[in-house]
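Subject: A structure for you to look at

Hello,

Here is the structure I promised to pass on. Please open it and keep it beside you while you read.

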Amino acid sequence: MTKPVWIKHASQLATLALNGKGPRVKEEMSELSLIEDGSLWLEDGVVKAVGTTAKLEEQYGERENEAEVVDASGCLVTPGLVDPHTHVVYGGSREREFEMRLEGATYMEIMNAGGGIHATTRMTREATEEELMEQTMRRLDSFLTHGVTTAEGKSGYGMNIETELKQLRVMQKLQEAHAIDIVPTFMGAHAVPPEYKGREDEFVDHLIKEMLPVVAEEKLAEFNDVFCEKGVFTPEQSERILEAGKDYGLIPKIHADEIEPYGGAELAAKVGAISAEHLLKASDQGIRAMADAGVIACLLPATALYLREQAAAGRKMVDAGVPVAISTDCNPGSSPTTSMPLVMNLACILMRMTPAEALTAATYNAACAINRQDKVGSLEQGKQADVVMWDIENYQKLQYLFGVNHVKSVWKKGIQVV
């Protein structure tokens, strides 16, 4: 049994506790449920009590000697950050492509020349499970030091059954081996593999008939994602893949409208996707459809910055009533970062979200995007004790002082891990 943890005297405690279980929209995204001079009692892996320090001293004062007492004076305390969109399990590196882009090559030109996703696919196919474990552990360690306590992970750098299963099994092992909770997504439809070039529909058939059944049978994923983009998978092919995944109990997600408007946001609403990702070029009609259907927009401003593209219209989406989450999109080609604090900064700077909205998008709404809102994303009695203490006084400074990691301490299930 570990000792209880009593965090006291937080300058601000942002609990994000609101009535209702769905993702937050419009003005709700600004409601952080702040407590001045806040306090948390963590025990048996969960939050036992939340309130002012005075309130918890009345409730737990007699047990102070049992607990590890943490003085959070001058600090902001928040839920652990949730990253709802990563490609964290992969082999190799693609720093040469960064240079190529700076020399003028586009994302699709690099991909069509055998780089991009195809390059990582080759390296991931060649890597052993042990090598993928070792590389991914280092990335997860970095996520943890930046305040992330739960992260989604996608396959998609295999595009054959052996490597897709290898990526998902690595995630399964990492769930046991690392402090961060890993939420697995099958993304066999990340690109059409070179061996199927010109036979795209045949690959879709293979994915549906051969790959999805094994993923479902082995219970290796909760979600099914597809890259709906011109030159990758058409809306019709994407719909087939997502509907087939639903038949196996996999919740649909969709990479939508990243490179050009392609009807991805509209398709997300049509198939009842839990989230649509990227959305740099989403149409106004698509945004309205997502708002009406309650599809979460998972926006990736670091990717837009890295590719030197206009970021998604985050302000417009929030104002339209779309629930917005944000993510690093950690991947080797278009966003090789593990810094969710930087992503929150960029949500404000590039997408005109407010500091409060950015924090909601990185915690509660991000948890909703991976169906974990009942466990993480807010600090409420009975929820998992995933907590970050930041070396700043208030949530505004978290977004104002950009490009800096302010994490002081992290607790995962009530155990200090940073």
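Below is what was found in it, starting with the whole chain and then moving to single residues.

Please keep in mind that this is a predicted model.

**The whole chain**

The chain holds 16 helices and 16 strands. It has 418 residues, and a compact globule with that many would have a radius of gyration near 22 Å. The chain has 21 Å, which agrees. Its C-alpha trace spans about 70 × 45 × 45 Å along the principal axes.

How much of the chain is buried? Of the 418 residues, 60% count as buried. The accessible surface comes to about 15,900 Å². Carbon and sulfur atoms account for 49% of that surface.

Now take the contacts in the chain with a separation of 6 or more. Of these, 73% are between residues 24 or more positions apart.

**The cores**

The largest nonpolar core has 114 residues. Which residues have the most contacts inside it? They are I254, L279 and I326. Try clicking on L279. Leaving out residues up to four places away in sequence, L279 touches A256, D257, A265, M290, A297, L299, A312 and M317.

Another core lies apart from the largest one. This other core has 18 residues, among them V5, A10, L40 and V387.

**The aromatic pairs**

A pair of aromatic rings is described by the distance of the centres and the angle of the planes. In this model the count comes to 6 aromatic pairs. Two of them are worth following in the viewer.

Start with W6 and W41. Their ring centres are 5.4 Å apart and their planes are at 55°. Planes under 30 degrees apart would count as stacked, and over 60 as edge-to-face. The angle here is 55°, so the pair is tilted. W6 sits in strand β1 (residues 5-14), while W41 sits in strand β2 (residues 34-43). The pair links distant parts of the chain, 35 residues apart.

Is W6 buried or exposed? W6 has 0% relative accessibility, so it counts as buried. W41 is buried too, with a relative accessible area of 0%.

Next, go from W41 to Y60. The centres of these rings are 4.1 Å apart and the planes are at 10°, so this pair is stacked. W41 lies in strand β2 and Y60 in helix α1 (residues 53-60), so the pair ties together parts 19 residues apart in sequence. Both W41 and Y60 are buried. Put the two pairs together: W6, W41 and Y60 form one aromatic cluster.

**Charges over rings**

W6 has a further partner. K8 lies over the face of W6, at 4.2 Å from the ring centre. There is a similar arrangement elsewhere: K253 lies over the face of F223, at 5.0 Å from the ring centre.

**Two backbone angles**

Most residues other than glycine have a negative phi. Two residues here are worth checking against that.

D329 has a phi near 55°, a positive value in a residue other than glycine. Where is D329 found? It is in the loop between β13 (324-326) and α13 (340-351). D329 is buried, with a relative accessible area of 2%.

R352 has a phi near 60°, again positive in a residue other than glycine. R352 is found in the loop between α13 and α14 (355-361). Its relative accessibility is 59%, so R352 counts as exposed.

**Two distances to try**

First, G264. This residue is in helix α9 (residues 264-271). G264 counts as buried, at 0% relative accessibility. Which residues does G264 contact, leaving aside its neighbours within four places in sequence? They are C228, I254, A256 and D257. G264 and A282 are 18 residues apart in sequence, and their C-alpha atoms are 7.5 Å apart in space.

Then E130. This residue is in helix α5 (residues 129-145). E130 is exposed, with a relative accessible area of 56%. E130 and L34 are 96 residues apart in sequence, and 43 Å apart in space, C-alpha to C-alpha.

Best wishes

Terms used: Residues are numbered from 1 along each chain as its sequence is written. This is a predicted model: local features need pLDDT of at least 70, side-chain atom pairs count only at pLDDT 80 or more; totals for chains, interfaces and linings use all residues. Side-chain values use heavy atoms; hydrogens and water are left out. Rings of Phe, Tyr and Trp (its six-membered ring) pair if their centres lie within 6.5 Å; planes under 30 degrees apart count as stacked, over 60 as edge-to-face and the rest as tilted. Helices (H or I, at least four residues) and strands (E, at least two) are DSSP runs, numbered from the N terminus. Buried means under 20% relative accessible area, exposed over 50%, partly exposed in between (1.4 Å probe, protein chains only). A charge sits over a ring if NZ of Lys or CZ of Arg is within 6 Å of the ring centre and within 35 degrees of the ring normal. The radius of gyration is taken over C-alpha atoms; the globule rule is 2.2 Å times the number of residues to the power 0.38. Contact means heavy atoms within 4.5 Å. Accessible areas come from the Shrake-Rupley method with a 1.4 Å probe; for residues, only the protein chains shown count as cover. A nonpolar core is a set of buried Ala, Val, Leu, Ile, Met, Phe, Trp, Tyr and Cys residues joined through side-chain atoms within 4.5 Å.
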